[in-house]
Amino acid sequence: MSILVFLEQREGQLRSVSREALGEATRLAAELGGPVTGVCCAAADPGLAALGDAGADRVLLAKHESFAAYEGAAFAAAVAAAVAATHAKVVLLPASSLGKDLAARLAARLGVGLASDCTSLAVEGGRLVARRPVLAGKAIQKLAFPASPAIASLRPKAFAAVSGAGRAGTVEALAASVDTSLPRARVTGTSAAKGGKVDLTEAEIIVSGGRGMKGPEHFALIEQLADALGGSVGASRAVVDAGWRPHGEQVGQTGKTVSPRLYVAIGISGAIQHLAGMTSSRCIVAINKDPDAPIFKVADYGIVGDAFEVVPALTEAVRQLHR
Amino acid sequence: MLQVVCIKQVPDTETRVRVATDGRTLDPAGVTWIVNPYDEFAIEAALQLKEKTGAGEVVVISLGGPGVATAIRSALAMGADRAIHLKSDAPAPDSLGVARALAGAIRDLGAEIVWFGKQAVDDDAAQVGPMVAELLALPCATLVSKFELDGRTARIEREIEGGLEIVELPLPAVLTTDKGLNQPRFASLKGIMAAKKKPIEERAADLGGANLEVLALELPPARAAGRIVGEGVAAVPELVRVLREEAKVL
(Lines give C-alpha, C1' and ligand atoms only; values in the text may rest on other atoms or scores of the structure.)
Protein backbone atom coordinates (compact mmCIF):
# COMPACT_ATOMS: atom_id res chain seq x y z
CA MET A 1 0.00 0.00 0.00
CA SER A 2 1.75 3.12 -1.21
CA ILE A 3 2.22 5.86 1.40
CA LEU A 4 2.89 9.49 0.54
CA VAL A 5 4.37 11.95 3.05
CA PHE A 6 4.28 15.70 2.61
CA LEU A 7 7.69 17.12 3.55
CA GLU A 8 7.41 20.63 4.94
CA GLN A 9 10.29 23.02 4.46
CA ARG A 10 10.61 26.62 5.48
CA GLU A 11 13.21 28.95 4.03
CA GLY A 12 15.11 26.05 2.53
CA GLN A 13 15.20 24.00 5.76
CA LEU A 14 13.26 20.78 6.19
CA ARG A 15 11.21 20.97 9.36
CA SER A 16 11.52 18.25 12.01
CA VAL A 17 7.78 17.51 11.71
CA SER A 18 8.55 16.21 8.20
CA ARG A 19 10.91 13.58 9.61
CA GLU A 20 8.35 12.64 12.27
CA ALA A 21 5.75 12.01 9.52
CA LEU A 22 8.29 9.97 7.53
CA GLY A 23 9.11 7.95 10.63
CA GLU A 24 5.44 7.07 11.13
CA ALA A 25 5.06 6.23 7.42
CA THR A 26 8.00 3.82 7.70
CA ARG A 27 6.40 2.16 10.71
CA LEU A 28 3.03 1.82 8.90
CA ALA A 29 4.74 0.54 5.74
CA ALA A 30 6.12 -2.38 7.75
CA GLU A 31 2.50 -3.45 8.36
CA LEU A 32 0.79 -2.32 5.18
CA GLY A 33 3.61 -3.11 2.74
CA GLY A 34 4.44 -0.83 -0.17
CA PRO A 35 6.81 2.05 -0.67
CA VAL A 36 7.13 5.33 1.24
CA THR A 37 7.37 8.37 -1.01
CA GLY A 38 8.02 11.90 0.18
CA VAL A 39 6.81 14.98 -1.70
CA CYS A 40 8.29 18.41 -1.17
CA CYS A 41 7.23 21.73 -2.69
CA ALA A 42 10.21 24.06 -2.70
CA ALA A 43 12.15 26.63 -4.69
CA ALA A 44 15.33 24.56 -4.26
CA ASP A 45 16.20 21.08 -2.96
CA PRO A 46 16.45 21.35 0.86
CA GLY A 47 18.67 18.23 1.13
CA LEU A 48 16.11 15.56 0.25
CA ALA A 49 18.56 12.79 -0.68
CA ALA A 50 19.42 12.40 3.02
CA LEU A 51 15.84 11.28 3.71
CA GLY A 52 16.51 7.67 2.72
CA ASP A 53 17.94 7.40 6.18
CA ALA A 54 14.74 8.87 7.62
CA GLY A 55 12.58 6.30 5.82
CA ALA A 56 11.92 7.51 2.26
CA ASP A 57 12.20 5.08 -0.64
CA ARG A 58 12.05 8.05 -2.93
CA VAL A 59 11.27 11.74 -2.80
CA LEU A 60 9.42 13.81 -5.35
CA LEU A 61 10.54 17.40 -5.58
CA ALA A 62 8.03 19.85 -7.02
CA LYS A 63 10.34 22.74 -7.74
CA HIS A 64 9.00 26.19 -8.55
CA GLU A 65 10.14 29.64 -7.52
CA SER A 66 6.66 30.42 -6.16
CA PHE A 67 7.02 27.47 -3.74
CA ALA A 68 9.51 29.52 -1.72
CA ALA A 69 6.50 30.54 0.41
CA TYR A 70 3.31 28.61 1.15
CA GLU A 71 0.23 29.05 -1.01
CA GLY A 72 -2.63 26.64 -0.40
CA ALA A 73 -4.08 26.13 -3.87
CA ALA A 74 -0.71 25.71 -5.60
CA PHE A 75 0.68 23.34 -2.96
CA ALA A 76 -2.54 21.28 -2.98
CA ALA A 77 -2.36 20.91 -6.75
CA ALA A 78 1.24 19.68 -6.56
CA VAL A 79 0.55 17.21 -3.76
CA ALA A 80 -2.56 15.94 -5.58
CA ALA A 81 -0.32 15.29 -8.59
CA ALA A 82 2.01 13.31 -6.33
CA VAL A 83 -0.94 11.28 -4.99
CA ALA A 84 -1.89 10.39 -8.57
CA ALA A 85 1.70 9.60 -9.56
CA THR A 86 2.27 7.26 -6.59
CA HIS A 87 -1.27 5.76 -6.36
CA ALA A 88 -0.99 6.59 -2.66
CA LYS A 89 -3.53 4.92 -0.38
CA VAL A 90 -2.35 6.85 2.68
CA VAL A 91 -1.21 10.49 2.75
CA LEU A 92 0.46 11.89 5.87
CA LEU A 93 1.14 15.56 6.58
CA PRO A 94 2.39 17.38 9.66
CA ALA A 95 -0.38 19.10 11.64
CA SER A 96 1.57 22.34 11.59
CA SER A 97 -0.01 25.70 10.71
CA LEU A 98 0.92 25.03 7.08
CA GLY A 99 0.11 21.31 7.11
CA LYS A 100 -3.38 21.70 8.58
CA ASP A 101 -4.32 24.19 5.88
CA LEU A 102 -2.82 22.08 3.09
CA ALA A 103 -4.36 18.83 4.35
CA ALA A 104 -7.83 20.38 4.33
CA ARG A 105 -7.38 21.76 0.82
CA LEU A 106 -6.08 18.42 -0.40
CA ALA A 107 -8.97 16.47 1.15
CA ALA A 108 -11.50 18.82 -0.47
CA ARG A 109 -9.70 18.54 -3.79
CA LEU A 110 -9.63 14.73 -3.69
CA GLY A 111 -13.10 14.45 -2.14
CA VAL A 112 -12.00 12.27 0.77
CA GLY A 113 -12.06 12.48 4.56
CA LEU A 114 -9.24 13.92 6.64
CA ALA A 115 -8.28 13.08 10.21
CA SER A 116 -6.63 16.23 11.65
CA ASP A 117 -4.00 16.44 14.32
CA CYS A 118 -3.77 12.69 14.98
CA THR A 119 -1.80 11.43 17.97
CA SER A 120 -1.66 7.81 16.86
CA LEU A 121 -2.23 5.69 13.78
CA ALA A 122 -2.73 1.95 13.68
CA VAL A 123 -3.58 -0.82 11.26
CA GLU A 124 -6.60 -2.70 12.56
CA GLY A 125 -8.17 -5.47 10.47
CA GLY A 126 -6.10 -4.40 7.48
CA ARG A 127 -7.31 -0.81 7.50
CA LEU A 128 -5.88 2.41 8.82
CA VAL A 129 -7.39 3.70 12.05
CA ALA A 130 -6.57 7.17 13.38
CA ARG A 131 -6.87 8.39 16.94
CA ARG A 132 -7.17 12.11 17.57
CA PRO A 133 -8.00 14.21 20.62
CA VAL A 134 -11.21 16.22 20.44
CA LEU A 135 -12.57 18.86 22.83
CA ALA A 136 -8.93 19.86 23.39
CA GLY A 137 -8.09 16.42 24.70
CA LYS A 138 -11.12 15.80 26.90
CA ALA A 139 -11.94 12.85 24.61
CA ILE A 140 -10.28 10.76 21.92
CA GLN A 141 -11.98 10.06 18.62
CA LYS A 142 -11.20 6.86 16.74
CA LEU A 143 -11.70 7.17 12.98
CA ALA A 144 -11.60 4.96 9.88
CA PHE A 145 -11.53 6.07 6.26
CA PRO A 146 -14.29 4.82 3.93
CA ALA A 147 -12.49 6.03 0.78
CA SER A 148 -8.95 6.19 -0.53
CA PRO A 149 -6.55 7.86 -0.05
CA ALA A 150 -6.81 8.16 3.72
CA ILE A 151 -5.43 11.56 4.69
CA ALA A 152 -4.12 12.27 8.18
CA SER A 153 -2.24 15.18 9.67
CA LEU A 154 0.06 14.28 12.57
CA ARG A 155 0.45 16.27 15.75
CA PRO A 156 4.01 17.58 16.16
CA LYS A 157 6.01 15.64 18.78
CA ALA A 158 3.48 12.78 18.92
CA PHE A 159 5.40 10.64 16.41
CA ALA A 160 9.05 9.63 16.34
CA ALA A 161 11.45 10.26 13.48
CA VAL A 162 13.64 7.31 12.50
CA SER A 163 17.25 7.22 11.44
CA GLY A 164 19.33 4.53 9.80
CA ALA A 165 16.31 3.29 7.79
CA GLY A 166 18.67 2.56 4.93
CA ARG A 167 16.17 3.27 2.15
CA ALA A 168 17.18 4.65 -1.22
CA GLY A 169 15.80 8.16 -0.88
CA THR A 170 16.11 8.74 -4.61
CA VAL A 171 15.15 12.29 -5.52
CA GLU A 172 13.01 12.73 -8.63
CA ALA A 173 11.49 15.83 -10.14
CA LEU A 174 7.70 16.15 -10.03
CA ALA A 175 6.41 18.35 -12.85
CA ALA A 176 4.79 21.33 -11.13
CA SER A 177 2.91 23.80 -13.24
CA VAL A 178 1.82 26.77 -11.19
CA ASP A 179 -0.78 29.04 -12.73
CA THR A 180 0.46 32.41 -11.48
CA SER A 181 -2.47 34.24 -13.08
CA LEU A 182 -4.92 32.90 -10.48
CA PRO A 183 -5.87 35.08 -7.49
CA ARG A 184 -3.59 33.83 -4.77
CA ALA A 185 -2.59 34.53 -1.20
CA ARG A 186 0.98 35.77 -1.11
CA VAL A 187 3.36 35.76 1.84
CA THR A 188 4.97 39.20 1.86
CA GLY A 189 6.94 38.99 5.06
CA THR A 190 7.84 36.97 8.12
CA SER A 191 9.22 37.81 11.50
CA ALA A 192 10.71 35.44 14.03
CA ALA A 193 9.30 35.26 17.53
CA LYS A 194 11.14 37.29 20.13
CA GLY A 195 14.24 35.51 21.40
CA GLY A 196 13.83 32.74 18.81
CA LYS A 197 11.57 30.76 21.17
CA VAL A 198 10.23 27.42 19.98
CA ASP A 199 6.47 27.38 19.38
CA LEU A 200 4.51 25.82 22.23
CA THR A 201 3.14 23.02 20.06
CA GLU A 202 6.68 21.92 19.24
CA ALA A 203 8.36 22.66 22.59
CA GLU A 204 9.96 19.87 24.64
CA ILE A 205 9.61 21.85 27.86
CA ILE A 206 6.97 24.44 28.75
CA VAL A 207 6.83 26.64 31.84
CA SER A 208 3.37 28.20 32.23
CA GLY A 209 2.21 30.91 34.57
CA GLY A 210 -1.28 31.71 35.81
CA ARG A 211 -3.07 34.30 37.86
CA GLY A 212 -1.00 33.30 40.89
CA MET A 213 1.82 35.36 39.33
CA LYS A 214 -0.21 38.43 40.38
CA GLY A 215 0.94 40.70 37.53
CA PRO A 216 2.68 40.75 34.15
CA GLU A 217 5.94 42.03 35.66
CA HIS A 218 6.36 38.82 37.63
CA PHE A 219 6.45 36.72 34.47
CA ALA A 220 10.19 37.43 34.45
CA LEU A 221 10.37 34.57 37.00
CA ILE A 222 8.57 32.26 34.55
CA GLU A 223 10.86 33.36 31.71
CA GLN A 224 14.00 32.80 33.79
CA LEU A 225 12.95 29.26 34.68
CA ALA A 226 12.01 28.56 31.06
CA ASP A 227 15.43 29.83 29.96
CA ALA A 228 17.24 27.71 32.53
CA LEU A 229 15.30 24.64 31.34
CA GLY A 230 15.66 25.53 27.66
CA GLY A 231 11.89 25.66 27.31
CA SER A 232 9.11 27.98 26.14
CA VAL A 233 6.71 30.16 28.13
CA GLY A 234 3.01 29.35 28.34
CA ALA A 235 0.11 31.03 30.11
CA SER A 236 -3.38 30.36 31.38
CA ARG A 237 -6.43 31.91 29.74
CA ALA A 238 -7.04 34.26 32.68
CA VAL A 239 -3.58 35.75 32.22
CA VAL A 240 -4.00 36.16 28.45
CA ASP A 241 -7.47 37.68 28.83
CA ALA A 242 -6.04 40.14 31.38
CA GLY A 243 -3.51 41.22 28.75
CA TRP A 244 -0.48 40.09 30.74
CA ARG A 245 0.73 37.73 28.01
CA PRO A 246 0.16 37.41 24.23
CA HIS A 247 -2.57 35.03 23.02
CA GLY A 248 0.01 32.83 21.27
CA GLU A 249 1.16 31.64 24.69
CA GLN A 250 -2.25 30.47 25.87
CA VAL A 251 -2.50 26.78 26.71
CA GLY A 252 -5.95 25.21 26.89
CA GLN A 253 -9.22 24.78 25.05
CA THR A 254 -9.23 28.21 23.40
CA GLY A 255 -5.46 28.25 23.17
CA LYS A 256 -2.92 25.62 22.27
CA THR A 257 -3.05 21.94 23.07
CA VAL A 258 0.44 20.83 24.00
CA SER A 259 2.26 17.56 24.70
CA PRO A 260 5.77 18.46 25.90
CA ARG A 261 8.15 16.19 27.76
CA LEU A 262 7.89 18.45 30.82
CA TYR A 263 5.11 20.92 31.68
CA VAL A 264 5.59 23.14 34.71
CA ALA A 265 2.39 24.89 35.86
CA ILE A 266 3.04 27.80 38.20
CA GLY A 267 0.27 29.68 39.97
CA ILE A 268 -2.28 27.91 37.78
CA SER A 269 -5.22 26.46 39.69
CA GLY A 270 -6.27 24.20 36.81
CA ALA A 271 -9.62 25.08 35.24
CA ILE A 272 -11.02 22.25 33.12
CA GLN A 273 -10.23 24.18 29.90
CA HIS A 274 -6.59 24.49 30.90
CA LEU A 275 -6.25 20.88 31.99
CA ALA A 276 -7.72 19.76 28.66
CA GLY A 277 -4.90 21.50 26.82
CA MET A 278 -1.96 20.04 28.74
CA THR A 279 -2.81 16.68 30.28
CA SER A 280 -1.16 14.81 27.42
CA SER A 281 2.21 16.18 28.61
CA ARG A 282 4.60 13.40 29.61
CA CYS A 283 5.49 14.85 32.99
CA ILE A 284 3.57 17.59 34.79
CA VAL A 285 4.90 19.63 37.71
CA ALA A 286 2.66 22.01 39.64
CA ILE A 287 3.69 24.78 41.98
CA ASN A 288 0.77 26.37 43.78
CA LYS A 289 -0.03 27.87 47.15
CA ASP A 290 -3.39 26.12 47.40
CA PRO A 291 -2.96 22.39 48.24
CA ASP A 292 -6.52 21.76 47.01
CA ALA A 293 -5.98 23.28 43.55
CA PRO A 294 -7.27 20.93 40.80
CA ILE A 295 -3.88 21.17 39.04
CA PHE A 296 -2.44 18.79 41.68
CA LYS A 297 -4.91 16.09 40.52
CA VAL A 298 -3.16 15.85 37.14
CA ALA A 299 0.38 16.73 38.18
CA ASP A 300 3.00 14.01 38.59
CA TYR A 301 4.88 16.11 41.11
CA GLY A 302 3.85 19.12 43.11
CA ILE A 303 5.22 21.68 45.48
CA VAL A 304 2.78 23.51 47.71
CA GLY A 305 4.23 26.94 48.18
CA ASP A 306 4.64 30.55 47.19
CA ALA A 307 5.76 30.84 43.55
CA PHE A 308 7.75 33.98 44.36
CA GLU A 309 10.00 31.93 46.66
CA VAL A 310 9.93 28.50 45.02
CA VAL A 311 10.47 29.51 41.38
CA PRO A 312 13.73 31.47 41.87
CA ALA A 313 15.11 28.60 43.99
CA LEU A 314 14.10 26.08 41.32
CA THR A 315 15.66 28.23 38.58
CA GLU A 316 18.90 28.38 40.52
CA ALA A 317 18.88 24.62 41.14
CA VAL A 318 18.37 23.94 37.42
CA ARG A 319 21.20 26.35 36.53
CA GLN A 320 23.50 24.54 38.97
CA LEU A 321 22.62 21.28 37.27
CA HIS A 322 23.60 22.56 33.85
CA ARG A 323 26.77 24.23 35.03
CA MET B 1 -19.64 44.64 0.41
CA LEU B 2 -21.21 41.38 1.43
CA GLN B 3 -19.44 39.34 4.08
CA VAL B 4 -20.36 35.84 5.16
CA VAL B 5 -19.57 34.49 8.62
CA CYS B 6 -19.85 30.74 9.13
CA ILE B 7 -20.52 29.83 12.73
CA LYS B 8 -20.89 26.59 14.64
CA GLN B 9 -22.72 25.82 17.83
CA VAL B 10 -20.48 23.87 20.22
CA PRO B 11 -20.58 22.57 23.80
CA ASP B 12 -19.46 25.11 26.40
CA THR B 13 -15.74 24.75 27.10
CA GLU B 14 -16.56 23.89 30.73
CA THR B 15 -18.39 20.75 29.59
CA ARG B 16 -17.35 17.54 31.30
CA VAL B 17 -17.34 14.87 28.66
CA ARG B 18 -19.55 11.81 28.85
CA VAL B 19 -19.79 9.41 25.94
CA ALA B 20 -23.30 8.68 24.63
CA THR B 21 -24.65 5.12 24.67
CA ASP B 22 -23.75 4.71 20.98
CA GLY B 23 -20.10 4.83 22.09
CA ARG B 24 -19.27 7.23 19.29
CA THR B 25 -20.67 10.63 20.19
CA LEU B 26 -20.78 13.10 23.04
CA ASP B 27 -23.70 12.62 25.43
CA PRO B 28 -25.61 15.90 25.04
CA ALA B 29 -27.37 15.57 28.42
CA GLY B 30 -26.60 18.57 30.58
CA VAL B 31 -24.47 20.25 27.91
CA THR B 32 -24.75 24.03 27.55
CA TRP B 33 -24.36 25.17 23.94
CA ILE B 34 -22.48 28.28 22.89
CA VAL B 35 -21.23 29.94 19.72
CA ASN B 36 -17.76 28.55 18.97
CA PRO B 37 -15.42 31.07 20.67
CA TYR B 38 -13.19 31.43 17.58
CA ASP B 39 -16.28 32.21 15.47
CA GLU B 40 -17.00 35.20 17.70
CA PHE B 41 -13.74 36.75 16.50
CA ALA B 42 -14.99 36.17 12.95
CA ILE B 43 -18.35 37.84 13.64
CA GLU B 44 -16.63 40.80 15.31
CA ALA B 45 -14.16 41.19 12.44
CA ALA B 46 -16.98 41.28 9.88
CA LEU B 47 -18.98 43.79 11.94
CA GLN B 48 -15.95 46.06 12.43
CA LEU B 49 -15.22 46.04 8.71
CA LYS B 50 -18.84 46.84 7.89
CA GLU B 51 -18.81 49.71 10.38
CA LYS B 52 -15.55 51.03 8.97
CA THR B 53 -16.69 50.98 5.36
CA GLY B 54 -20.15 52.15 6.38
CA ALA B 55 -21.85 49.84 3.94
CA GLY B 56 -22.57 46.25 3.09
CA GLU B 57 -24.15 43.31 4.71
CA VAL B 58 -23.04 40.60 7.14
CA VAL B 59 -24.71 37.24 6.53
CA VAL B 60 -24.36 34.47 9.09
CA ILE B 61 -24.54 30.83 8.03
CA SER B 62 -24.77 27.89 10.37
CA LEU B 63 -25.46 24.21 9.88
CA GLY B 64 -27.27 21.98 12.34
CA GLY B 65 -30.51 21.04 14.03
CA PRO B 66 -33.21 23.40 15.37
CA GLY B 67 -31.09 24.28 18.42
CA VAL B 68 -28.63 26.12 16.18
CA ALA B 69 -31.16 28.94 15.86
CA THR B 70 -29.99 30.13 19.29
CA ALA B 71 -26.41 30.56 18.04
CA ILE B 72 -27.68 32.33 14.94
CA ARG B 73 -29.77 34.72 17.07
CA SER B 74 -26.72 35.61 19.16
CA ALA B 75 -24.78 36.51 16.01
CA LEU B 76 -27.72 38.59 14.80
CA ALA B 77 -27.91 40.25 18.22
CA MET B 78 -24.24 41.21 17.93
CA GLY B 79 -25.15 43.01 14.70
CA ALA B 80 -25.20 40.62 11.74
CA ASP B 81 -27.90 41.54 9.21
CA ARG B 82 -29.43 38.21 8.26
CA ALA B 83 -28.82 34.50 8.43
CA ILE B 84 -29.06 31.24 6.58
CA HIS B 85 -29.75 28.14 8.63
CA LEU B 86 -28.74 24.96 6.83
CA LYS B 87 -30.93 22.45 8.58
CA SER B 88 -29.70 18.99 9.30
CA ASP B 89 -31.09 16.82 12.03
CA ALA B 90 -28.35 14.24 11.86
CA PRO B 91 -24.99 15.33 13.26
CA ALA B 92 -22.45 16.04 10.52
CA PRO B 93 -20.15 13.02 10.24
CA ASP B 94 -17.15 14.95 8.95
CA SER B 95 -15.85 18.32 7.82
CA LEU B 96 -15.98 17.71 4.08
CA GLY B 97 -19.75 17.20 4.08
CA VAL B 98 -20.14 20.43 6.07
CA ALA B 99 -17.75 22.30 3.75
CA ARG B 100 -19.67 21.15 0.68
CA ALA B 101 -23.00 22.23 2.16
CA LEU B 102 -21.58 25.61 3.19
CA ALA B 103 -19.82 26.15 -0.15
CA GLY B 104 -23.09 25.41 -1.93
CA ALA B 105 -24.89 28.06 0.13
CA ILE B 106 -22.08 30.63 -0.21
CA ARG B 107 -21.50 30.18 -3.95
CA ASP B 108 -24.35 32.39 -5.13
CA LEU B 109 -24.20 35.07 -2.45
CA GLY B 110 -21.36 37.06 -4.02
CA ALA B 111 -19.43 37.35 -0.77
CA GLU B 112 -16.21 39.37 -0.72
CA ILE B 113 -14.95 37.80 2.49
CA VAL B 114 -15.97 34.47 3.98
CA TRP B 115 -15.02 34.36 7.65
CA PHE B 116 -14.57 31.30 9.86
CA GLY B 117 -13.10 30.71 13.30
CA LYS B 118 -9.77 28.90 12.97
CA GLN B 119 -11.34 25.74 14.38
CA ALA B 120 -14.36 24.58 16.33
CA VAL B 121 -13.53 23.79 19.95
CA ASP B 122 -15.47 20.51 19.82
CA ASP B 123 -13.92 18.61 16.90
CA ASP B 124 -10.72 20.73 16.81
CA ALA B 125 -10.41 19.81 13.13
CA ALA B 126 -9.49 23.21 11.60
CA GLN B 127 -10.68 21.93 8.23
CA VAL B 128 -13.85 23.62 7.06
CA GLY B 129 -12.39 27.07 6.23
CA PRO B 130 -9.63 25.89 3.87
CA MET B 131 -11.95 23.21 2.45
CA VAL B 132 -14.53 25.86 1.49
CA ALA B 133 -11.71 27.93 -0.05
CA GLU B 134 -10.67 24.96 -2.16
CA LEU B 135 -14.25 24.14 -3.20
CA LEU B 136 -14.89 27.77 -4.20
CA ALA B 137 -11.40 28.24 -5.71
CA LEU B 138 -10.66 31.18 -3.40
CA PRO B 139 -7.43 32.29 -1.77
CA CYS B 140 -7.37 31.63 1.95
CA ALA B 141 -5.44 32.64 5.04
CA THR B 142 -5.88 30.73 8.29
CA LEU B 143 -5.10 31.83 11.88
CA VAL B 144 -5.63 35.54 11.19
CA SER B 145 -4.64 37.63 14.22
CA LYS B 146 -4.42 41.00 12.48
CA PHE B 147 -6.49 42.26 9.55
CA GLU B 148 -6.42 45.32 7.32
CA LEU B 149 -8.21 45.98 4.08
CA ASP B 150 -6.44 48.09 1.49
CA GLY B 151 -8.79 48.57 -1.47
CA ARG B 152 -9.44 45.05 -2.63
CA THR B 153 -6.44 43.51 -0.93
CA ALA B 154 -6.59 42.00 2.55
CA ARG B 155 -3.35 42.26 4.46
CA ILE B 156 -3.22 39.90 7.41
CA GLU B 157 -0.86 38.66 10.07
CA ARG B 158 -0.89 35.06 11.19
CA GLU B 159 1.04 33.26 13.84
CA ILE B 160 3.10 30.36 12.58
CA GLU B 161 5.53 28.14 14.50
CA GLY B 162 8.15 30.37 16.02
CA GLY B 163 7.07 33.62 14.36
CA LEU B 164 4.61 35.70 12.38
CA GLU B 165 3.75 35.67 8.71
CA ILE B 166 2.33 38.60 6.75
CA VAL B 167 0.06 37.56 3.89
CA GLU B 168 -1.72 39.57 1.19
CA LEU B 169 -4.82 38.21 -0.50
CA PRO B 170 -7.02 39.64 -3.23
CA LEU B 171 -10.76 39.62 -2.48
CA PRO B 172 -12.86 37.54 -2.59
CA ALA B 173 -11.09 35.44 0.02
CA VAL B 174 -11.61 33.04 2.90
CA LEU B 175 -10.16 34.01 6.30
CA THR B 176 -10.11 32.01 9.54
CA THR B 177 -9.70 33.95 12.76
CA ASP B 178 -7.48 33.38 15.78
CA LYS B 179 -7.62 34.78 19.27
CA GLY B 180 -5.98 38.20 19.47
CA LEU B 181 -7.66 39.59 16.34
CA ASN B 182 -10.21 41.58 18.32
CA GLN B 183 -12.41 41.64 21.39
CA PRO B 184 -15.86 40.33 20.47
CA ARG B 185 -18.64 42.65 21.61
CA PHE B 186 -21.52 41.65 23.84
CA ALA B 187 -24.98 41.92 22.36
CA SER B 188 -26.87 44.96 23.66
CA LEU B 189 -30.48 44.72 24.79
CA LYS B 190 -31.38 46.72 21.69
CA GLY B 191 -29.41 44.25 19.58
CA ILE B 192 -31.20 41.31 21.16
CA MET B 193 -34.60 42.90 20.46
CA ALA B 194 -33.60 43.76 16.89
CA ALA B 195 -32.34 40.22 16.28
CA LYS B 196 -35.84 38.86 16.76
CA LYS B 197 -36.98 40.67 13.63
CA LYS B 198 -34.01 39.81 11.43
CA PRO B 199 -34.64 37.21 8.75
CA ILE B 200 -33.36 33.63 9.09
CA GLU B 201 -33.70 31.71 5.87
CA GLU B 202 -33.99 27.99 6.42
CA ARG B 203 -32.71 25.52 3.86
CA ALA B 204 -32.25 21.76 3.99
CA ALA B 205 -28.56 20.84 4.21
CA ASP B 206 -27.28 18.10 1.96
CA LEU B 207 -24.31 16.52 3.73
CA GLY B 208 -23.87 13.67 1.26
CA GLY B 209 -22.29 10.40 2.32
CA ALA B 210 -19.80 10.00 5.16
CA ASN B 211 -16.18 10.76 4.32
CA LEU B 212 -14.96 9.49 7.68
CA GLU B 213 -16.29 6.72 9.88
CA VAL B 214 -16.32 7.43 13.60
CA LEU B 215 -15.52 4.10 15.24
CA ALA B 216 -15.49 5.30 18.83
CA LEU B 217 -15.32 8.24 21.20
CA GLU B 218 -13.22 7.38 24.21
CA LEU B 219 -12.13 9.14 27.35
CA PRO B 220 -8.38 9.60 27.60
CA PRO B 221 -6.62 7.42 30.16
CA ALA B 222 -6.89 9.11 33.56
CA ARG B 223 -3.63 10.42 34.96
CA ALA B 224 -2.67 8.78 38.22
CA ALA B 225 -2.71 11.30 41.05
CA GLY B 226 0.76 12.63 41.54
CA ARG B 227 2.84 13.25 44.58
CA ILE B 228 3.36 16.42 46.55
CA VAL B 229 7.12 16.36 47.05
CA GLY B 230 7.03 18.95 49.77
CA GLU B 231 6.27 22.52 50.79
CA GLY B 232 8.03 25.73 49.89
CA VAL B 233 11.67 26.25 48.94
CA ALA B 234 12.76 23.26 51.04
CA ALA B 235 11.10 20.93 48.51
CA VAL B 236 13.13 22.18 45.52
CA PRO B 237 16.11 19.77 45.85
CA GLU B 238 13.75 16.78 46.08
CA LEU B 239 11.79 18.01 43.03
CA VAL B 240 14.97 18.31 40.98
CA ARG B 241 16.03 14.84 42.12
CA VAL B 242 12.75 13.14 41.10
CA LEU B 243 12.69 14.98 37.79
CA ARG B 244 16.20 13.67 37.04
CA GLU B 245 16.05 10.20 38.50
CA GLU B 246 12.40 9.08 38.32
CA ALA B 247 10.87 11.05 35.47
CA LYS B 248 14.17 11.47 33.61
CA VAL B 249 13.07 14.77 32.09
CA LEU B 250 16.00 16.95 33.18
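**Cavities, a parallel sheet and two helices in a predicted model**

The largest cavity of this predicted model has a volume of about 580 Å³, where a cavity is a set of points, on a 1 Å grid over the protein atoms alone, at which a 1.4 Å probe fits but cannot get out, and a volume is the space filled by probe spheres set on the points, joined across faces, edges and corners. Of the 35 residues that line the largest cavity (lining residues have an atom within 4 Å of a point), those closest to its centre are Lys100(A), Thr201(A), Lys256(A), Lys118(B) and Gln119(B). At least two residues of this lining come from each of helix H3 (97-110) and strand E9 (127-134) of chain A and strand E7 (140-150) and strand E8 (153-160) of chain B, helices (H or I, at least four residues) and strands (E, at least two) being DSSP runs numbered from the N terminus. In total, the structure holds three cavities of 30 Å³ or more.

Residues are numbered from 1 along each chain as its sequence is written, and chains are lettered from A and ligands numbered from 1 in the order in which they are written. Local features need pLDDT of at least 70 and side-chain atom pairs count only at pLDDT 80 or more, whereas totals for chains, interfaces and linings use all residues, and side-chain values use heavy atoms, with hydrogens and water left out.

In chain A, seven strands form an open sheet with parallel pairing, in the order E7-E11-E6-E1-E4-E5-E12, two strands being paired if DSSP finds at least two bridges between them. Strand E7 (114-118) and strand E12 (170-173) of chain A are the edge strands, each pairing on one side only. Within the sheet, strand E4 (residues 36-42) and strand E5 (residues 58-63) of chain A pair in the parallel sense over six bridges, and Ala42(A) stands opposite Lys63(A) in E5(A).

In chain B, seven of the eight residues of helix H4 (residues 128-135) are buried, so this helix is largely enclosed by the rest of the structure; buried means under 20% relative accessible area, exposed over 50% and partly exposed in between, with a 1.4 Å probe and protein chains only. Helix H6 (residues 236-245) of chain B has the buried residues Val236(B), Leu239(B), Val240(B), Val242(B) and Leu243(B). Seen down the axis of H6(B), these residues fall within an arc of 165°, so they line one face of the helix, the arc being that of the directions from the helix axis to the C-beta atoms.

Note on methods
1 Å grid on protein atoms, 1.4 Å probe; cavity = no way out; pocket = protein on both sides within 12 Å on 5 of 7 lines; lining within 4 Å.
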